[in-house]
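Biologist: Could we go through this model together, one contact at a time? I will ask, and you can talk me through the reasoning.

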Amino acid sequence: MSFLEKLNNQILIADGAIGTLLYSYGTDCCFEELNLSQAEQIQSIHKAYIDAGADVIQTNTYAGNYLKLQRYGLEDSVKEINSAAVKNAKQAAQNNAYVLGTMGGNRGVKPNSISIEELKRSFREQLYCLLLEGVDGLLLETFYDFEELETILTIARKETKLPIIAQVSLQEPGILQNQMPVNEALTRLEGLGADVIGLNCRLGPHHMLLTLEQIELPKHAFLSAYPNASLPAYTDGKFHYEGDADYFRQSARAFRNEGVRLLGGCCGTTPAHISAFASELKNSVPITEKIVKLKPKKIVVEPSAAKRDYAPLQDIVKERPSVIVELDPPRKLDTTKFFEGAKALKEAGIDSITLADNSLATVRISNESLGYLVKQELGVRPLIHISCRDRNIIGLQSHLMGLHTLGLNDVLAITGDPARVGDFPGASSVYDVSSFELIQMIRQLNEGLSFSGKDLGQKTAFSIAAAFNPNVRSVEKAVKRLEKKIHYGADYFISQPVFSEEKLLEVYEHTKHLDAPIYIGLMPLISSKNAEFLHNEVPGIKISDSIRERMAGLNDNPLQAAREGIEITKSLIDAALDLFNGIYLITPFLRYELTTELALYARKRASELRGNSYAENTIY
């Protein structure tokens, strides 16, 4: 009897984790390569699951594709590894179990890190290898990114009439990473030709059953579930699972009652867990009707729940000239000079003080703490930079929720300089996400959703700035990145410092079509040494030869060199205000007297150019 014919009349038991067992045996390498070098060990695992009661086993090919094998230098061994995996599974099955060719998801929380075309090429190569060896069906499992699963399911359905099991993985019960309700996702998979649709990984029996309560019985396909054993524990540098197999036996009937017909295990499960399922359900008759519990209500947040103390900067700079100033948190614990500078800048009438997030990976006082004090004690709007370097996704979202709680609504999302350039070159650079995904995360918080799609109960009110580096060979390409950031949710841009009127004009011509405004970065030079360091050693900054020559001519006169730096910046302010409303002044070495003078000059010039309304309407 065929695999689908059996599912039509009875519940089938699938196997559990292969990688978990290999890891527990001390094998910490490329598990898929073991199909070649340790074939007997792989076969023994398959046999253990069959002996435990599994009707269906999967090949040891979850990561057997080009994209994942290249991590181990095995990208040219896709055919050999997948072919050996099917042979090992068939050798173990001896026609006593169905063999499914397994293919796992590649995209995680950063879906754009791998293009669709790359995914297609890698998937097709693995698919053909499995089909050539004569598997009984295909198992597409652990897909967090729904676009990836839809794409490869479409390809697989065109290439074969074999049964296809398509399973999604959830960050939160009931909802996909892209905020799609799981019932809708599975319905779409059925529409694309999947014969079995379901869930695997990430969730244990408890949360997977909560999710299954929201899933209707498919019209034509069958339901599957492969829960994890438990949440993983981490002891002495190793992950391990402590899930009790008897707990699986107790939950088996609940899976049947939710309409599951193919029941197996994922991370942390062993033959003992599968034996527990089999003891309760093997050859059981599946249900044909179920009552679906009410779906979670969508978030309804009144606009008043998202409060702001200031008008968004992107609105201000569209209406009138606006000056913001970066004043970096100090590297030492004495904040006296910092607050002197913040007070002076407030008196100069700036719209915001921006605070970098350990720029150049140099440790400074937390910008969040100083931003809060600037707002509370001086009444100045703080603009908090957020780098992807130092926090994983958990830390980033927690940090943003904290900023919201403190009423710090203005943020700049940046990728951040790598740790190796800073004070602690041995420190780790996290980079769970890039600035694009960080912008997307903040936008989702503004919609009342966490990055994983969880209901946060209320919306945040962040105004999202994004970085712009115009000091590149192709400004046109840089503008493409701006357009992409707008798509992800950026409200406006803050540029790296510009040091020539020609560059200002070039930026204007390439960005005038954008609706999102730009604050043009300007930074006063204080010496020739300062100019050469910025030009040659700081990423994203380039200074014209003429300005470097002007500063070099005053190398023996520090006071006059700083004065010259001020005059150069003033001329750039004149040029910038003819093209842009936003001026972003960067304070060098906490020398706030320089940016205070420039802020006053910018306000004066803006008043002369546009009338006195600017000076009268400036928000202090």
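Biologist: Is Arg550 buried, partly exposed or exposed?

Modeller: Happy to start there, and please keep in mind that this is a predicted model. Buried would need a relative accessible area under 20%, and exposed would need over 50%. Arg550 has a relative accessible area of 39%, so the residue is partly exposed.

Biologist: Which residue forms a salt bridge with Arg550?

Modeller: Arg550 belongs to helix H21 (residues 545-552), and the partner is 14 residues away in helix H22. That partner is buried, with a relative accessible area of 17%. The closest N and O atoms of the pair are 2.5 Å apart, and the residue that meets Arg550 is Glu564.

Biologist: Helix H22 also holds Lys570. How many residues apart in sequence are the parts that its salt bridge with Glu597 ties together?

Modeller: The side chains of Lys570 and Glu597 meet at 2.9 Å, N to O. Lys570 is buried at 15% relative accessible area, while Glu597 is partly exposed at 25%. Glu597 lies in helix H23 (residues 592-610) and Lys570 in helix H22, so the bridge ties together parts whose separation in sequence is 27 residues.

Biologist: Which residue does Asp55 meet in a salt bridge?

Modeller: Asp55 sits in the loop between helix H4 (39-51) and strand S2 (56-58), and its partner is 227 residues away, in the loop between helix H12 (271-281) and helix H13 (313-319). Asp55 counts as buried at 12% relative accessibility, whereas the partner is partly exposed at 33%. The N to O distance is 2.4 Å, and the partner is Lys282.

Biologist: How many salt bridges does the structure hold?

Modeller: Some of the charged residues form a network: Asp246, Arg249, Arg253 and Glu280 are linked by salt bridges. For the structure, the count of salt bridges is 29.

Biologist: Let's turn to the rings. How many aromatic pairs are there?

Modeller: Some rings group together, since Phe248, Phe255 and Phe277 form one aromatic cluster. Counting pairs of rings with centres within 6.5 Å, the number of aromatic pairs comes to 7.

Biologist: Is the pair of Phe436 and Tyr488 stacked, tilted or edge-to-face?

Modeller: The ring centres are 5.8 Å apart and the planes meet at 55°. Stacked needs planes under 30 degrees apart and edge-to-face needs over 60. The angle falls between those cut-offs, so the pair is tilted.

Biologist: Where do Phe436 and Tyr488 lie?

Modeller: Both residues are buried, Phe436 at 8% relative accessibility and Tyr488 at 8% as well. The pair ties together parts that are 52 residues apart in sequence. Phe436 is in helix H17 (residues 435-446), and Tyr488 is in helix H18 (residues 475-488).

Biologist: Which lysine lies over the face of Phe436 at 4.3 Å from the ring centre?

Modeller: Two lysines need to be told apart here. The charged end of Lys485 sits over the ring of Phe436 at 5.7 Å from its centre. The lysine at 4.3 Å is Lys484.

Biologist: What is the angle between the ring planes of Tyr508 and Phe580?

Modeller: Tyr508 lies in helix H19 (residues 501-511) and Phe580 in the loop between helix H22 (558-577) and strand S18 (582-586), so the pair ties together parts 72 residues apart in sequence. Tyr508 is partly exposed at 27%, and Phe580 is buried at 7%. The centres are 6.0 Å apart and the pair is edge-to-face, with an angle between the planes of 85°.

Biologist: How many strands make up the closed barrel?

Modeller: The barrel runs S11-S12-S13-S14-S15-S16-S17-S18 with parallel pairing. Neighbouring strands of this sheet are turned by 25° against each other on average, direction ignored. Within the barrel, 4 bridges join the parallel strands S15 (residues 463-468) and S16 (residues 492-497), and the number of strands in the barrel is 8.

Biologist: Which residue in S16 stands opposite Ala465?

Modeller: Strand S15 covers residues 463-468 and pairs with S16, residues 492-497. In S16, the residue opposite Ala465 is Tyr492.

Biologist: Last one: how many disulfides does the structure hold?

Modeller: The sulfur of Cys29 is 6.7 Å from the closest cysteine sulfur, in Cys30, which is too far for a bond. Cys267 is in no disulfide either, with the nearest cysteine sulfur, in Cys201, 3.7 Å away. A disulfide needs sulfur atoms within 2.5 Å, and the number in this structure is 0.

Key
Residues numbered from 1 in each chain as written. Predicted model: local features only at pLDDT ≥ 70, side-chain atom pairs only at ≥ 80, totals over all residues. Heavy atoms only, no water. Helix = DSSP H or I, 4+ residues; strand = E, 2+ residues; numbered from the N terminus. Buried < 20%, exposed > 50% of the residue type's maximum accessible area, 1.4 Å probe, protein only. Lys NZ or Arg CZ within 6 Å of the ring centre and 35° of its normal. Salt bridge = Lys/Arg side-chain N within 4 Å of Asp/Glu carboxyl O. Pairing = 2+ DSSP bridges. Axes fitted to C-alpha atoms, helices over the stretch in contact; angles between N-to-C directions.
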